[in-house]
Amino acid sequence: MVLGPFKGGRDGKTVAIVAARTPTTFEIRTDLFTVENRKMSDGVQHHQQRSADLDAQAVTNFREYLRIPSVHPDINYDDCVKFLKGQASGLGLPYKVHYTTPTKPVFIITWEGTEPNAPSVMLNSHMDVVPVFEENWTHKPFGAEMDADGKIYARGAQDMKCVGIQYLEAIRRLKASGLRLKRTLHCSFVPDEEIGGSEGMFEFVKTDFFKSLNVGFALDEGMANDKDDFLLYYGERCIWHINFRCPGQPGHGSLLLENTAAEKVRVILDKIFDFREKEKQKLENNPEMTIGDVMTVNVTMLQGGVQSNVLPPEFSVMMDCRIPVTVDNDKWFETLNQWCKEAGKDVVMEKEQFDPFIPPTKLDESNKYWLAFKSATDKLGLKMTPRIFPGGTDSRYLRQLGIPALGFSPINNTPVLLHDDDEYLGRDVFLKGIEIYCKLIPAVANVASA
Ligand SMILES: [Zn+2]
């Protein structure tokens, strides 16, 4: 009869203690050590086998998702929906599909919490990916090939099919461990992020269905980092696309007429490039700053002209402008108005895209989700570097509603290859990301609702 095993003995190893015939004496039978040890190591082996199986399944699911060419333009999302239905059923979780247009689905997999009335946590990812220049790739962009180093190559490997699968695989592990979380989790897979989300998240957040999800906090995409730390995005610059219309006196190209369109274009271009140079200097002179901290202005389209010897009635200059969270949008608008005045008669601005100011998500005591997020990443020993996102993501539509949202892709020590040729993610980094979410998701989902 084995009473043990007990941790004991001078070396702290497990000792099997067997009851003797009389209660006053013990004999320690060393021959049982091996039996007990074998049982224990069987347990460890079983555990290792199970986690190896989970890892293999995660990598398989990731690669399968990457093989769906949900690439712009004109994406057919049917295969994504089919794939995600399979994922939901494998996890034993309910799903819902909401179509923002007849061909654009938002797929939601839900794991209900023990406090289903508390605001939920949204785990967001987008299904679409940007086009590829296949001739520049050394692997098939939708082959999801894995090389000898474990690098998995595909469009979407970093941006951001990895994150969508990592959420699901973390949930698979949490469920298997018998854990229940307080708050409901909604894993959302949205279309069209890469073309601005106007028929994706932008439209989705306006629906009653979205309101019924009662989202209190969201995680969304971040970006890879080639260093050891992880980037954490808590805000975005505001996007303005402004078209400066410069009308002028039309006439013959052989004359010296007053008030011509091109002279006004010249002033506008000078203003833009003088300003651009200043921001460039600001960034170069301050190592603490990143591109998300400065204003970027770029000329993206020049239009006008009818014939080589004719002065046209109008030229126009399109400017892509990204406003950092530290700049007052109204004041910036006044500056642009001033540029128009200085450029000459009748120069006006046309707003093609004119996003409102969206306050960044607070990273302080007032944000209990951030505190939970931080304590989880601190415990994991992850170094987080907060940043303002240089481009736009779907998080802005959530922040606009006052929902705190953090952009985080658990990818470190990896070259930044989003939208680039030979986009890849290492198998180990991918699996490590699942472990990170296994701690992070419970932390934010167990934030007290009161
Ligand atoms: Zn993305």
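Helices (H or I, at least four residues) and strands (E, at least two) are DSSP runs, numbered from the N terminus. Residues are numbered from 1 along each chain as its sequence is written. The model is predicted: local features need pLDDT of at least 70, side-chain atom pairs count only at pLDDT 80 or more, and totals for chains, interfaces and linings use all residues.

**Exercise 1.** State where Asn-259 lies, and classify its phi and its exposure.

*Solution.*
Step 1. Asn-259 belongs to the loop between strand 14 (251-252) and helix 6 (261-285).
Step 2. Its phi is near 55°, a positive value in a residue other than glycine. Most residues other than glycine have a negative phi.
Step 3. A residue is buried if 20 or more other C-beta atoms, placed from the backbone, lie within 10 Å of its own, exposed if 12 or fewer, and partly exposed in between. Asn-259 has 13 C-beta neighbours inside 10 Å, so it counts as partly exposed.

**Exercise 2.** Describe Pro-73 and Asp-74 in the loop between helix 1 and helix 2.

*Solution.*
Step 1. The loop that holds Pro-73 runs between helix 1 (31-66) and helix 2 (78-91), and Asp-74 lies there too.
Step 2. From His-72 to Pro-73 the peptide bond is cis, with omega near -5°. Most peptide bonds are trans.
Step 3. Asp-74 has a positive phi, near 55°. With 6 other C-beta atoms within 10 Å, Asp-74 is exposed.

**Exercise 3.** Determine how helix 3 and helix 10 cross.

*Solution.*
Step 1. The axes (lines fitted to C-alpha atoms over the stretch in contact, with angles from 0 to 180 degrees between N-to-C directions) of helix 3 (residues 161-176) and helix 10 (residues 427-445) come within 8 Å and cross at roughly 60°.
Step 2. Helix 3 is therefore oblique to helix 10: angles under 35 degrees count as roughly parallel, over 145 as roughly antiparallel, 65 to 115 as roughly perpendicular and the rest as oblique.
Step 3. The crossing is right-handed, meaning that the near helix is turned clockwise from the far one by less than a right angle.

**Exercise 4.** Give the order of the strands in the sheet 8-9-21 and identify its edges.

*Solution.*
Step 1. Three strands form an open sheet in the order 8-9-21, with antiparallel pairing; two strands pair if DSSP finds at least two bridges between them.
Step 2. Strand 8 (145-146) and strand 21 (424-426) each have a single partner strand, so they stand at the edges.
Step 3. Two bridges join strand 8 to strand 9 (residues 151-153); Met-146 has Ile-152 as its bridge partner in strand 9.
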